Amino acid sequence: MIRLEEYIPIVGQSVIEDLRLIAARLKGKTIQHINSTSVGGGVAEILNRMVPLLQELGVGARWDLIKGGEQFFEVTKKFHNALHGYPGEITKRDFEIFLETSQQNINEVDTCGDIVFIHDPQPISLVKKRHGNKWLWRCHVDVSNPNEKVWNFLMEYIVRYDAAVFSAPSFSRRLPIRQFLISPSIDPLSDKNKELPQDVIDRVLLKYRVPKDKPIVTQISRFDRLKDPLGVIEAYQEVKKYIDCRLVLAGGGASDDPEGALVFTQAMEKAKNDKDIHILLLPQNDIEINALQRASTVIIQKSIREGFGLTVSEALWKAKPVVASNVGGIPLQIKHKYSGLLCHSVQGAAFAIKQLLNSPAYAKKLGQNGREHVRNNFLITRHLKDYMLLFLSLYHGEDVVYL
Amino acid sequence: MTPLLKAKEPFRFYTRLHLSELTGLRATTLGQLVALIKEVPGSSIYHHTHRFLQQHQFFSPEPPNDFAYWVTEILGEKELGERLASIDIMQFAKIHDLREKIISVIEEYLKDVRFSQLKFAREGEEFYFIKSVSFVIPTDHVADNLADFALIMKEITFDSIYFHIFEARLRLEKKANDFSNWIENSLGDKELADELAALDPYTRTLDDLRGAIIGIIDKKLFEQ
């Protein structure tokens, strides 16, 4: 279990002192997080670290789960896609399934926290149980262009909360309740982000047969159309006309995702005549991802849509120059030409990669700026601070609160 | 060296922590931007002129506010960006006056450069208005004399420096900063107080600002 004091060398003693000052104002309160899964996915990853840290700070924190069968989670997956703006039919029966399971959870889940913190749409209906305590809804999804049918259905519940929390300003909409902007975060002490000795990095490169003879351009993402791996290959091909380099496209398993498997096959096909393209289907191994990022000269995140795009913060934390699409939460992490380069097209990505490969001093400066930007804004300590301030804000309506 | 003067009143360091509250308001054009700047709460003007600086410390002395960044990078209006970036925030003791200045700069530009009214941001690149909710909390750090003060200055967070310099001057409508106030009123050193009050915090990174304050005080301590 990682303890707060281990973050002091990274963020400084005074940042941790501030966390203790805020936590003291929350003494006696219980924060109850509720979501739908304890493993897998970004929410569970964050809560696994956040809950013990809150407890260490003396804030009562607990984490409960709702239950649901296969049908329920199929429907909530449809909701998720619809909120992201995918076309797709949501039937009357889908809503019925959602309501039936929701009712079971309303009957069974004890919502005793002083503050009940609901994550994502799956447990959203629990708010029907509110009884004088405070309720927060945390939306981790990009809802900038949601399917209106699903959004309107959820709005029936959202308006009953005290406040909603979004990850990026572009996800906000006019709502009759308060809404806050809280970005997710990375943990600098996790396997994915901690410092690695050079020999570990070299062993990973050796394992995946990636020589260090040329600059390495990398995108770490699952093989998903929305991460545009084919566009990344096209950008690399543009760059390759002028600069000899390697491309690493590495991502998680796609075997249980039919579309992911198709995208992987298409990427392999597109790359087959170029031995400098390395398409790696990685098992879930955070150390290896960390090593590949650290071995890279430039890191790309050419997504078409993003919930937040924390791989950008991961790369910046390693002081890497990053080229990324201007979507979702990415522009919060990269200010163009200051902490990385933003792009809107394959050609734009190629141009930016060439700039960075040809101007190492500029690339280095962007990487350094990016690391400091992440240190100040996207580490778990900032996230913890924001959450605690959010809890306090539920008891104060004013713009300046004296504690 | 003369013995250190004990302050009439000790200086307690506070910290000021921000939470960003979304307003749901967004602008696509300069016309919409200026209309919303007139309408949003003062804590939103504060957010876009001050929080930006704090979140992007490495920018300084580049675009010191969100409005300048957006019109330059998203609308491509570099001249207006320069005019907004060069607003001397030090002159304004009230958010209300700063807001009026920003409005007049944009409205003048819209009159001067008529085609700028036709520029608009792509979807997803609109200007989103956010406001700051501030939490002011006393820390455990207290200084009784100048030497202690200098030592604590080396340790406190940027948030604390921010509170005593920026928040005190502008948002709470105080003319000088808390440090110079204390040095003048509790230590009776007007010369040192004036030197600290004259620092322009808007054209430095917070780290540079901390270094400058410590440098000035250390020099004074050495002279004593």
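Me: Which residues have the most contacts inside the largest nonpolar core?

Reply: Bear in mind that this is a predicted model. A core like this is read as a network of buried nonpolar residues that neighbour one another. Here the largest one has 160 residues, and those with the most contacts inside it are I118(A), L136(A), V298(A), V323(A), I353(A) and M388(A).

Me: Let me pick one of them. What does M388(A) touch, leaving out residues up to four places away in sequence?

Reply: With those sequence neighbours set aside, M388(A) is in contact with I22(A), A23(A) and L26(A).

Me: V298(A) was on your list too. Which way do the residues of strand β10 of chain A point?

Reply: Look at the two faces of the strand in turn. In β10, residues 298-301, V298(A) and I300(A) point one way, while I299(A) and Q301(A) point the other way. Residues on both faces are buried.

Me: Nice. Which strands is β10(A) joined to, and do they run parallel or antiparallel?

Reply: Strand pairing is read from bridges. Two bridges join β7(A) to β10(A), and these strands run parallel; in this pair T218(A) stands opposite I299(A). Three bridges join β10(A) to β11(A), residues 322-325, also running parallel. There, Q301(A) stands opposite A324(A). Between β10(A) and β11(A) the chain passes through helix α11, residues 310-317, and this β-α-β crossover is right-handed.

Me: I also look at backbone angles. Which residues have a positive phi although they are not glycines?

Reply: Two to look up are R209(A), with a phi of about 55 degrees, and D228(A), with a phi of about 50 degrees. R209(A) lies in the loop between α7 (198-207) and β7 (216-220) of chain A, whereas D228(A) is in the loop between β7 and α8 (229-240).

Me: Is each of them buried or exposed, and why?

Reply: Count the neighbouring C-beta atoms: 20 or more within 10 Å makes a residue buried, and 12 or fewer makes it exposed. R209(A) is exposed because it has 9 other C-beta atoms within 10 Å. D228(A) has 23 within that distance, so it is buried.

Me: Let's turn to chain B. How many helices and strands does it have, and in what order do they run?

Reply: Chain B has 10 helices and two strands. Starting at the N terminus, the order is β-α-α-α-α-α-β-α-α-α-α-α. Of its 224 residues, 44% are buried.

Me: Which domains does the assignment give for chain B, and how far apart are their C-alpha centres?

Reply: Domain 1 is made of 11-16 + 137-223, and domain 2 covers 17-131. Their C-alpha centres lie 28 Å apart.

Methods:
Residues numbered from 1 in each chain as written. Chains lettered and ligands numbered in written order. Predicted model: local features only at pLDDT ≥ 70, side-chain atom pairs only at ≥ 80, totals over all residues. Helix = DSSP H or I, 4+ residues; strand = E, 2+ residues; numbered from the N terminus. Core = buried A, V, L, I, M, F, W, Y, C linked by C-beta atoms within 7 Å. Contact = placed C-beta atoms within 7 Å. Domains from an automatic or database assignment. Right-handed = clockwise from strand over helix to strand, strands pointing away.
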